[in-house]
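Trainee: I would like to go through the terms applied to this entry and see how each label is justified. Could we begin once the entry is displayed?

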Amino acid sequence: MTNNSGTSIKTRPKNIDGDAEDSTRSEKKPVVYVEDPPTPPRWLSYEFIFYYIIIVIGYFVVLKMLLTRSNEYNDGLKENKGIVDGWFLGRKQDLSDTQYKIYRQNFPLLSIGLSIFLFVSASIRKNIPDKPYVRILFYNIVSLGFLIFVHGSSTFIVLGIAIINFSISRIFERSKMLPAVTWIFNLIILWTCYIYEGYSFKTLSPFLGDELSGWLDGHKGFLSWETYFKVSMLRFISYNNDYYWAKSKRPVVDLKGKSAYFIAQERHQPMEHYSFSHFLAYIFYIPLYIAGPITTFNAFTAQVYNPQKTYSFSDLVKASIKILLVFLGLEICLHYCYYHSFDKSDVWMTFTGAEVALTGYLVLNFMYVKFLIIWRTFRLFALFDGIDTPENMNRCVNNNYTFTGFWRSWHGSFNKWTIRYLYIPLGGKKTQFVSIWIIFFFIGLWHDLWLSWIAWALLNCVFFSIEIGIMFYFYHPKRLPLRRKWYWRFMVAIAGTFNIFLLMVANLAILHGFENSIIFIHNAFFVPGGPTAFILAYSWLFCGIMVMIEIRESEKRSKEIKPF
């Protein structure tokens with residue numbers, strides 16, 4: 001889909017993540033672009049100075065509101081679950097998010113372990129550069145030890161699922177059923193392991209005996225294997241599909257002018273690289289095993305033999321410093337902002353008007369920064385090891401105003417995986433009005449078998465379909481004169497502001513489900529003071545979107561290529 005700012009306009013929308021590289025395969029006809037000339041800079045105009053003033057005033061009001069409410073809990077006037085004693089200036093800290101709490105607690109051990117891993121891997125690469133298979137062997141040995149350490153006896157289950165997936169690739173290697181069988185098997189594992197909470201060895205007691213099965217159930221490790229199977233599943237599907245396409249000699253798309261990663265992903269590997277040892281090295285590669293980002297089998301294996309050269313060592317050091325500063329910044333912010341705790345414990349239901357809307361805004365911003373830290377930390381370790389992956393969080397969460405732009409930049413690596421292994425096989429643009437429903441419901445149920453994720457999937461499908469229809473209409477060549485009118489960007493900003501409210505509603509459905517999402521909207525905008533809060537929030541976001549549009553125009557003027 002095209003960008004609402006008009007920076008790169010074509011006759012019909014792009015694929016879901018907006019990546020023209022991935023759309024090459026899905027259509028025989030080339031995509032036709034109608035490029036509007038970039039507009040002159042407006043950064044120092046009176047119009048934009050007005051926007052800056054409104055934006056600054058808005059953030060001042062936000063800070064005042066959040067500090068006033070949070071101080072009630074910091075001063076001991078009120079208590080709430082997840083708000084605990086902190087380390088910064090004697091203030092309390094919001095550690096109500098379990099995922100972030102576990103990450104920060106294990107960050108020192110994680111960093112030491114991965115640093116040792118990188119040191120040994122780099123030593124092998126330096127001293128035995130002509131024998132990459134030694135590195136593959138190292139990955140396999142270390143990964144097995146890691147699995148036993150974190151999953152305990154469940155390692156048998158994890159390895160068993162991996163062996164079955166590899167066997168499927170060989171049993172059906174000459175059949176068009178290979179992709180379908182792979183999908184069916186992994187979906188069965190995904191959803192049954194939720195239902196049965198990772199399976200129990202006691203079900204095998206007739207074969208193992210009560211004593212042995214009981215012992216195995218009591219030593220399953222400290223990380224539940226079913227939680228991390230979600231990411232492993234994507235790798236299983238990637239390997240089997242890449243192997244099937246290589247075996248069937250599927251034509252490779254035009255690679256001229258494409259990124260190094262895209263070239264590595266699209267080129268078939270030599271058949272000996274699809275061996276069991278390469279398969280295991282890819283599936284259980286330690287830096288990316290826990291949370292990703294997600295890379296394809298072809299791209300991973302190609303970089304084992306030819307490590308990435310896109311980023312220099314100094315680039316990676318600078319990136320490491322940046323992520324540590326972001327980590328520190330979030331830690332300090334959580335000593336002053338307790339709104340995730342308010343949201344999780346339903347304290348927000350006692351709020352009205354602007355403060356309810358503020359809760360949604362701050363929770364989404366927290367989620368963004370949390371995942372940015374987690375994903376970029378693991379990607380950095382992989383990059384130091386010579387393995388590049390697609391980047392997640394390519395744009396700030398506050399610099400998006402379309403569903404297309406939001407999803408192609410939030411979980412970017414998953415989006416690219418979805419395009420390659422779901423969107424294109426389902427028919428690409430020819431069937432996108434149908435396929436997006438399948439894709440979003442898969443993504444929702446892939447996260448968890450919760451009604452809140454079904455609510456999330458349904459809302460995203462509805463809003464996404466509406467957005468696609470609007471794009472088809474307004475970005476048709478017949479509407480080019482309209483897009484060149486002086487008021488076009490104001491139309492985009494008005495629609496984009498409304499779209500941001502829809503984005504917030506769709507994503508907060510993850511936390512609140514259908515019923516509480518309705519309560520959230522009602523308490524924010526349909527109570528005394530609600531309409532005023534809506535008008536003020538709308539005006540503030542409108543000014544922000546005008547700046548977002550100018551950012552995209554600036555990128556167009558500088559011919560900057562965003563990594564989407």
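The discussion below concerns a predicted model and takes up one helix and one cavity.

Trainee: What makes the span of α6 close to the expected one?

Mentor: Helix α6 covers residues 178-195, which is 18 residues. The expected span is 1.5 Å times one less than the number of residues, which for α6 comes to 26 Å. From its first C-alpha to its last, α6 reaches 26 Å, so the label follows from the rule.

Trainee: Why are residues such as Trp183 and Phe185 of α6 called buried?

Mentor: Buried means under 20% relative accessible area. Trp183 and Phe185 meet that cut-off, and therefore carry the label. Others in α6 that are buried include Leu178, Asn186, Ile189 and Tyr194.

Trainee: What covers the buried residues of α6?

Mentor: The cover includes α5 (155-171), α9 (225-247), α18 and α19 (432-447). After α6 comes glutamate 197, with a positive phi near 55°.

Trainee: What makes a space count as a cavity here, and how many are there of 30 Å³ or more?

Mentor: A 1.4 Å probe must fit there but be unable to get out. By this rule there are three cavities of 30 Å³ or more. The second largest cavity holds about 50 Å³.

Trainee: Which helix supplies the largest share of the lining of the second largest cavity?

Mentor: Helix α18 (412-423) does, with four residues. Both α10 (260-266) and α18 supply at least two residues each. Among the lining residues are Tyr261, Gln265, Trp417 and Arg420.

Trainee: How many residues of this lining are nonpolar, polar and charged?

Mentor: By class, four are nonpolar, four polar and two charged.

Note on methods: Residues are numbered from 1 along each chain as its sequence is written. This is a predicted model: local features need pLDDT of at least 70, side-chain atom pairs count only at pLDDT 80 or more; totals for chains, interfaces and linings use all residues. Side-chain values use heavy atoms; hydrogens and water are left out. On a 1 Å grid over the protein atoms alone, a cavity is a set of points where a 1.4 Å probe fits but cannot get out, and a pocket is an open set with protein on both sides within 12 Å along at least five of seven lines; lining residues have an atom within 4 Å of a point. Grid points are joined across faces, edges and corners, and a volume is the space filled by probe spheres set on the points. Ala, Val, Leu, Ile, Met, Phe, Trp, Tyr, Cys and Pro count as nonpolar, Asp, Glu, Lys and Arg as charged, and the others, Gly among them, as polar. Buried means under 20% relative accessible area, exposed over 50%, partly exposed in between (1.4 Å probe, protein chains only). Contact means heavy atoms within 4.5 Å.
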